[in-house]
Amino acid sequence: MAALGGIAISTAMVLVCTDAVMRHLFSAPLTFQFTLTESYLMVMSFALALPWGYRSGGRIRISLLLATLGDRNRDILVRGGNIVAALYLVVLGWKALEKTTSAFGNNDLVMGVIDWPVGWSWVWLPIGLFTLALRLLVDAALPIDPNADSAH
């Protein structure tokens, strides 16, 4: 998923650079670039990278409290936090899934030079949110490495 997100952000960078060159040198901008980048590629890159970002330590963790607790209490707090966060992400993912299915069902469009289907903009959010929730639940069930927290 992170690789797909990376491909999406790389594609966005190429499109933006190409649009700038075409706009300023040839007065022929890529008219589809802005909507494609803003509503599709950026959403895809962000949503699909969420689980990888968490797994690789790209999150904010306030470890001062964790350092003062004993091993057992720290494990309970970390596991409980992961479960609560996963439940919240499932609710967010469910709401995003409702919006996605509604957009596809109603054939919602963003009208412009190209009529863009809104559902394909939303579809990446439930995928990323549900996968991150699953990652949190897996981490809540796995043994906790006390040394892993010190780097974040």
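Two residues are in contact when heavy atoms of theirs lie within 4.5 Å, and with that meaning in hand, the contacts of this chain between residues at least 6 apart in sequence can be sorted: 71% of them join residues at least 24 apart. The views below all come from a predicted model.

**Figure 1. The whole chain, with its six helices and two strands.**
Followed along the sequence, the elements come in the pattern α-α-α-α-β-β-α-α. The C-alpha atoms fill a box of roughly 65 × 40 × 20 Å along the principal axes, and the radius of gyration of the chain is 20 Å, where a compact globule of 152 residues would have one near 15 Å. Of the 152 residues, 31% are buried. The accessible surface comes to about 9500 Å², and carbon and sulfur atoms account for 70% of that area.

**Figure 2. The largest nonpolar core, a set of 14 residues.**
Within this core, the residues with the most contacts are Leu-15, Leu-36, Leu-41, Met-44 and Trp-124. Helix H1 (2-26) and helix H2 are the elements that give two or more residues to the core, and the largest share, seven residues, comes from H2. Met-44 offers a way to look into this region: once its neighbours within four places in sequence are left aside, Met-44 is in contact with Leu-4, Gly-5, Ala-8 and Trp-124. Apart from this core lies another, made of eight residues, among them Ala-96, Leu-129, Ala-133 and Leu-136. As a general background, nonpolar side chains in soluble globular proteins tend to be buried together.

**Figure 3. Helix H6 (residues 124-141) and its buried residues.**
Because each residue is expected to add 1.5 Å, the 18 residues of H6 should span 26 Å, and the end C-alpha atoms of the helix are indeed 26 Å apart, in agreement with that expectation. The buried residues of H6 are Trp-124, Pro-126, Gly-128, Leu-129, Leu-132, Ala-133, Leu-136, Asp-139 and Ala-140. An α-helix has 3.6 residues a turn, so residues three or four places apart point the same way. The buried residues of H6 pack against helix H2 (33-55), helix H4 (71-105) and helix H5 (119-122).

**Figure 4. The two aromatic pairs of the structure.**
In one pair, Tyr-40 and Trp-116 are tilted relative to one another, with 5.4 Å from centre to centre and 40 degrees between the planes. Tyr-40 belongs to helix H2 and Trp-116 to strand S2 (residues 116-117), so this pair ties together parts of the chain that are 76 residues apart in sequence. Tyr-40 counts as buried because its relative accessibility is 9%, a value below the 20% under which a residue is called buried, and Trp-116, with a relative accessible area of 14%, is buried as well. Phe-104 and Trp-120 form an edge-to-face pair, with 5.2 Å from centre to centre and 85 degrees between the planes. Phe-104 lies in helix H4 and Trp-120 in helix H5, so here the parts tied together are 16 residues apart in sequence. Phe-104 is partly exposed, its relative accessible area being 36%, and Trp-120 counts as partly exposed at 46% relative accessibility.

**Figure 5. Ile-60, in the loop between helix H2 and helix H3 (63-68).**
Is this nonpolar residue Ile-60 buried or exposed? Ile-60 counts as exposed because its relative accessibility is 83%, and a residue is called exposed when that value is over 50%. Ile-60 and Thr-35 are 25 residues apart in sequence, and their C-alpha atoms are 31 Å apart in space.

**Figure 6. Ser-27 and Asn-107, two loop residues with a positive phi.**
Ser-27 is not a glycine, and yet its phi is positive, at about 50 degrees. This serine sits in the loop between H1 and H2, and Ser-27 is exposed, with a relative accessible area of 64%. Asn-107, which is not a glycine either, has a positive phi of about 55 degrees. The place of Asn-107 is in the loop between H4 and strand S1 (109-110), where Asn-107 is exposed, with a relative accessible area of 54%.

How values were computed:
Residues are numbered from 1 along each chain as its sequence is written. This is a predicted model: local features need pLDDT of at least 70, side-chain atom pairs count only at pLDDT 80 or more; totals for chains, interfaces and linings use all residues. Side-chain values use heavy atoms; hydrogens and water are left out. Helices (H or I, at least four residues) and strands (E, at least two) are DSSP runs, numbered from the N terminus. The expected span of a helix is 1.5 Å times one less than its number of residues. Buried means under 20% relative accessible area, exposed over 50%, partly exposed in between (1.4 Å probe, protein chains only). Rings of Phe, Tyr and Trp (its six-membered ring) pair if their centres lie within 6.5 Å; planes under 30 degrees apart count as stacked, over 60 as edge-to-face and the rest as tilted. The radius of gyration is taken over C-alpha atoms; the globule rule is 2.2 Å times the number of residues to the power 0.38. Accessible areas come from the Shrake-Rupley method with a 1.4 Å probe; for residues, only the protein chains shown count as cover. A nonpolar core is a set of buried Ala, Val, Leu, Ile, Met, Phe, Trp, Tyr and Cys residues joined through side-chain atoms within 4.5 Å.
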